[in-house]
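Here's a quick briefing to read alongside the picture. Have a look at the chains first, then work through the points below.

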Amino acid sequence: MSFTRRRFSLAAGSALAFAAKPAFAADPVKVGALYPLSGQVAKSGEDTLNGIRLAVDIINKKYPNLKMPLAADEGLPGLGGAPIELIAADHQGSPETGAAEAERLIVQSKVVALVGAFHSSVAATSSQVAERMGVPYISGESEATPLTERGYRWFFRTTPSSRTQAKDFFTFLRDINKTHNNSVKSIAVVHESTLWGQEFAKSVDAYFKEFPEFQKSIFVGYQQGTADVTSEVQKLIAAKPDAVFHASYDAEAILFARTYKQYGFNPQGIMAIGASFGSSAFRDALGADANYFFVREHWSRDLAARNPLVGEVAKMYRERYGKDMDGTPARAFTAMMVLGDAINHAKSRDPEKIRDALAATDIKGDALIMPWEGVKFDKTGQNILTRGIFVQTLDGTPKMVWPADFAAAKLVWPRPAWR
Amino acid sequence: MNRSFPALPATLILAGLAVLLLLPFAIGHRPFELRMATLIFLFATMGQAWNVLGGYGGQISIGHGLYFGLGAYTSALLSVKLGLNPWLGLPLAILVPTICAVIVGIPCFRLRGHYFVIATLVVAEAVFQVFTVWEWVGGAIGLEIPVKREGWLNLQFHRDKTPYYYLALGLLVLVTAGVWWLSRSRLGFLLRAVRDDEAAVRSLGFSPQAYKSIAMAISAAIMGAAGMFHAQYVLFVDPFSVLGLHISVLVALFAILGGSGTLFGPLLGAAVLVPLSEYSRIAFSGSGRNVDLLIYGFLIMVIAAYQPDGLVGWIRRVAGSARRRRAPTQQG
Amino acid sequence: MSEQLILQLVVSGLGMGFIFALIAIGLTLIYGVMDVVNFAHGEFIMLGMYATYLAYVTWGVDPVLSLPFVAGLMFCFGLVVYYLLIRRVLTGNMQSQIFATFGLMVFLQAGAQFVMGADYFAVRNSWLSGVVRLGDVVLPVPQIAAVVGSSLATILLYLLVFRTSIGRQLRAAAQDPQAASTLGINVSLMYALAWGIGAACVGVAASLLSNFYYIFPRVGAVFVLLAYVAVALGGFGSIHGALIAGVLIGLLQVVIGFFVSSELKYVPVYMLYLAVVLLRPRGLFGRS
């Protein structure tokens with residue numbers, strides 16, 4: 001009895017609410033953000049989310065001196081100045097929780113689009129939910145290649161995939177060979193054994209056909225919780241590769257670097273995917289020994305020299321969040337800007353229209369803080385205008401050294417001996 | 001101390017069941033609550049599985065997630081590699097973990113308490129590591145179960161998750177009824193005897209080893225079924241989500257906190273702790289601090305020191321002697 | 001296969017092995033005296049490492065210098081754990097004992113994350129860094145320190161347990177608590193001491209580890225499983241057994257990691273545990 005009465009009054013109440021309130025165009029547009037905010041990568045999750053928060057702020061407020069779309073106006077002009085309301089959710093790194101939170105955001109919080117998710121495994125399940133429920137999903141930093149191979153309509157990815165990034169390593173080495181007498185012949189890969197590391201190893205493996213001047217040396221995998229890396233490093237020493245590709249998280253990067261020094265392992269060059277070998281934690285722990293490592297980066301502060309926008313945004317990030325921006329928040333920031341741009345072009349809160357606007361995205365490189373040529377999605381939802389850069393730590397600071405036309409410093413090759 | 005099931009009147013149980021059956025009408029349109037209820041049922045089932053071995057059998061396992069993972073993987077592999085319908089794969093999803101459990105039990109049950117615990121940990125970790133590098137099961141990348149048309153035939157539901165709720169509830173009811181029957185049966189009696197005094201059991205001519213193995217098999221079978229459910233619920237398996245140590249720890253936690261060796265312990269444990277975990281995640285979203293685990297750990301220490309019967313024991317105490325009727329003596 | 005390579009593998013295997021051994025010794029001592037396995041042992045390692053790191057970062061104290069203090073701190077911590085928790089469950093059944101340290105493990109791990117965050121830390125440039133070269137073989141200084149430190153600690157422990165009156169009392173309490181107490185030995189105090197000393201051993205190991213390993217809330221898990229295997233292999237309760245077993249395990253994982261698979265280098269070690277408890281339950285040197 002009281003149950004039905006409550007039900008009725010609820011229905012009546014909402015009917016009244018709808019009747020009384022005209023749907024203002026300026027009602028906020030809700031966007032859901034799925035990130036790991038607790039657990040092992042909580043800090044990174046928070047930093048990445050901050051990149052998105054910064055983008056939302058720029059869209060919502062007036063920043064006339066920032067030369068990027070939506071900065072000069074308040075809110076989304078295509079929707080009468082409606083602001084974006086960001087609703088964040090913590091998926092704790094669990095694919096199942098991510099899917100559940102995606103559903104909650106869509107059904108209960110009524111978001112028009114989702115952004116996420118840092119972990120590729122979570123992006124997989126949460127975007128599956130979005131696909132089933134017809135809600136656009138944009139990922140700025142989930143790199144697993146299969147994410148755009150599922151035939152999804154609603155999934156878009158601005159960041160390059162793991163496979164694309166692997167190719168950059170080969171392109172880089174080919175360039176090195178041109179100016180250094182073809183000295184690089186064999187390549188070894190060191191990778192940790194979660195999804196990220198294994199994917200990278202697979203991608204690298206596949207490219208040897210396309211770059212036949214290189215030989216495959218040893219591939220060394222390791223578990224994340226390994227107590228020491230002696231056997232791994234000894235295997236590398238025995239294989240004598242010219243170059244080593246690394247897929248390691250920060251903590252093991254330190255362990256490996258120290259062990260390399262201990263055993264005097266010094267190939268011509270060591271280059272890593274992911275920020276580990278260039279991170280401030282790495283440099284703090286290793287001091288002068290952090291020099292000469294390469295990192296294939298998505299973004300660098302040095303890009304400000306070519307595009308002042310980069311410097312301005314990096315400065316804002318630093319001022320608000322007390323940390324330097326790096327590749328992952330930068331990409332998340334960009335993804336949010338792309339989404340905002342699409343919603344603006346769609347001039348609608350209808351997910352289908354937003355999806356179509358996303359598919360038609362065409363943003364030029366100079367409106368971005370990334371070194372990309374722009375943002376344009378192919379049929380699978382992948383941005384095809386991305387570009388990677390290589391950064392080398394020199395004198396204790398990571399400097400952009402490749403491609404040559406971007407270089408802020410001259411790269412050092414081969415590595416000098418350990419001191 | 002008499003550790004048989006608490007004497008809850010049958011009417012109370014039926015009433016509770018009726019509430020649970022009707023609950024989706026209230027929360028069916030709220031995915032968060034629906035999911036939480038489904039999770040409670042699933043964890044309660046897993047806790048009950050642990051309970052059979054740990055609570056009634058006295059063999060503490062902190063590697064039980066292994067059997068959950070094996071069930072999930074078996075079901076997923078059959079779907080992915082053979083396109084087999086999950087219902088048809090269910091028997092195998094139950095059988096594989098059971099067989100593995102029995103095999104593991106053969107050497108391990110010779111071990112006294114502590115060594116057994118370590119053995120369970122070590123086996124679970126070894127299997128986890130192997131799965132992360134084993135290509136055929138997807139390695140660290142995992143397996144995505146193909147999305148099919150929704151319905152009971154394919155055991156996939158996409159828009160409305162209420163059927164999952166009922167399935168989990170059904171599983172829980174089935175398992176709890178089974179455990180209740182077990183606890184009153186001769187097998188259950190002997191199991192508890194093995195837990196309390198192994199030497200005495202042996203002297204009576206029974207083989208403790210055999211009974212431990214049976215408990216292990218039952219326990220692993222239930223975990224396997226739960227694993228299969230999980231695979232169909234999430235449509236994705238990877239070593240970190242189904243073979244990770246955290247599952248083993250959580251399952252043991254829920255059963256212990258609720259009341260190890262009691263029938264309703266795991267249910268109570270899950271009913272209290274799953275919401276605690278979910279709400280603390282939302283409340284503390286952003287500070288990444290694992291507050292729920294902090295509380296659980298503390299509570300377990302308290303329970304160990306003061307109240308080995310967990311929440312159930314505490315409720316018994318609070319409810320006073322009126323509720324504590326001596327259960328009828330077990331006979332064969 | 002060059003001799004130099006084999007030598008190199010052996011040397012580094014020994015280095016890690018001695019660390020595993022020291023951790024295992026702490027564990028086996030507690031078990032030997034009172035029949036309780038400390039499931040929170042890994043978290044003791046973690047606490048020791050955080051203590052070392054904090055001393056380093058707050059006051060600039062190098063791990064070599066802070067080692068005695070960290071050991072002392074952990075000793076006190078062991079006492080506290082005994083008096084607040086373990087003592088209450090000794091009279092209960094085995095389940096309660098297992099739950100107690102299991103709960104402690106979960107609590108300490110979550111607590112560390114709560115207080116220090118999930119980030120990892122590293123001691124930047126401890127005094128014990130660099131290498132010593134013997135011909136072609138490279139001996140990393142932190143590993144040498146680990147060998148030396150662990151050996152010293154083991155010797156000291158041995159002397160304590162077998163050559164002092166306290167040690168005699170410990171052994172008496174371990175063998176027969178009732179008889180010991182009628183002889184006037186304060187058994188409870190002996191138990192507390194066992195916890196304290198066991199924790200102190202771990203403190204030393206943690207301090208040595210901090211010279212080259214990174215520190216985060218779950219770091220204990222990395223080492224403790226191997227320590228359990230070492231304790232079983234050496235024989236529960238045997239100090240020299242834990243030492244030898246720890247070293248063997250260090251060698252085993254390096255050799256397997258190099259010749260077979262680095263991703264699966266611990267799996268044979270885990271299987272070794274099962275083999276030992278199945279075939280020879282009292283391990284290499286344990287009491288039956």
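Before talking about domains, it helps to know that their bounds come from an automatic or database domain assignment. Also keep in mind that this is a predicted model. With that settled, let's go through domains, chain contact and helix packing.

**Domains in chain A**
- Chain A is split into domain 1, made of 29-160 + 306-375, and domain 2, made of 163-297 + 389-406.
- Measure between C-alpha centres, and domain 1 and domain 2 of chain A sit 29 Å apart.
- Where these two domains of chain A touch, ten residues of domain 1 meet ten residues of domain 2.
- On the domain 1 side of that contact in chain A, you'll find three nonpolar, four polar and three charged residues.

**Where chain B meets chain A**
- Chain B puts 24 residues into the contact, and chain A puts in 28 residues.
- Looking at chain B's side, the elements giving two or more residues are α2 (31-56) and α5 (113-133).
- That side of chain B is a mix of eight nonpolar, ten polar and six charged residues.

**Two helices in chain B**
- How far apart are the axes of helix α6 (residues 162-184) and helix α9 (residues 208-234) of chain B? They are 11 Å apart, and the helices pack at an angle of about 180°.
- Because of that angle, α6(B) is roughly antiparallel to α9(B).
- From α6(B) come B:Y164, B:L167, B:A168, B:L171 and B:V175, which meet B:I222, B:A225, B:F229 and B:Y233 of α9(B).
- Sorted by class, this contact of α6(B) with α9(B) has nine nonpolar residues, with no polar and no charged ones.

Technical notes. Residues numbered from 1 in each chain as written. Chains lettered and ligands numbered in written order. Predicted model: local features only at pLDDT ≥ 70, side-chain atom pairs only at ≥ 80, totals over all residues. Axes fitted to C-alpha atoms, helices over the stretch in contact; angles between N-to-C directions. Helix = DSSP H or I, 4+ residues; strand = E, 2+ residues; numbered from the N terminus. Parallel < 35°, antiparallel > 145°, perpendicular 65-115°, else oblique. Contact = placed C-beta atoms within 7 Å. Nonpolar A, V, L, I, M, F, W, Y, C, P; charged D, E, K, R; others polar.
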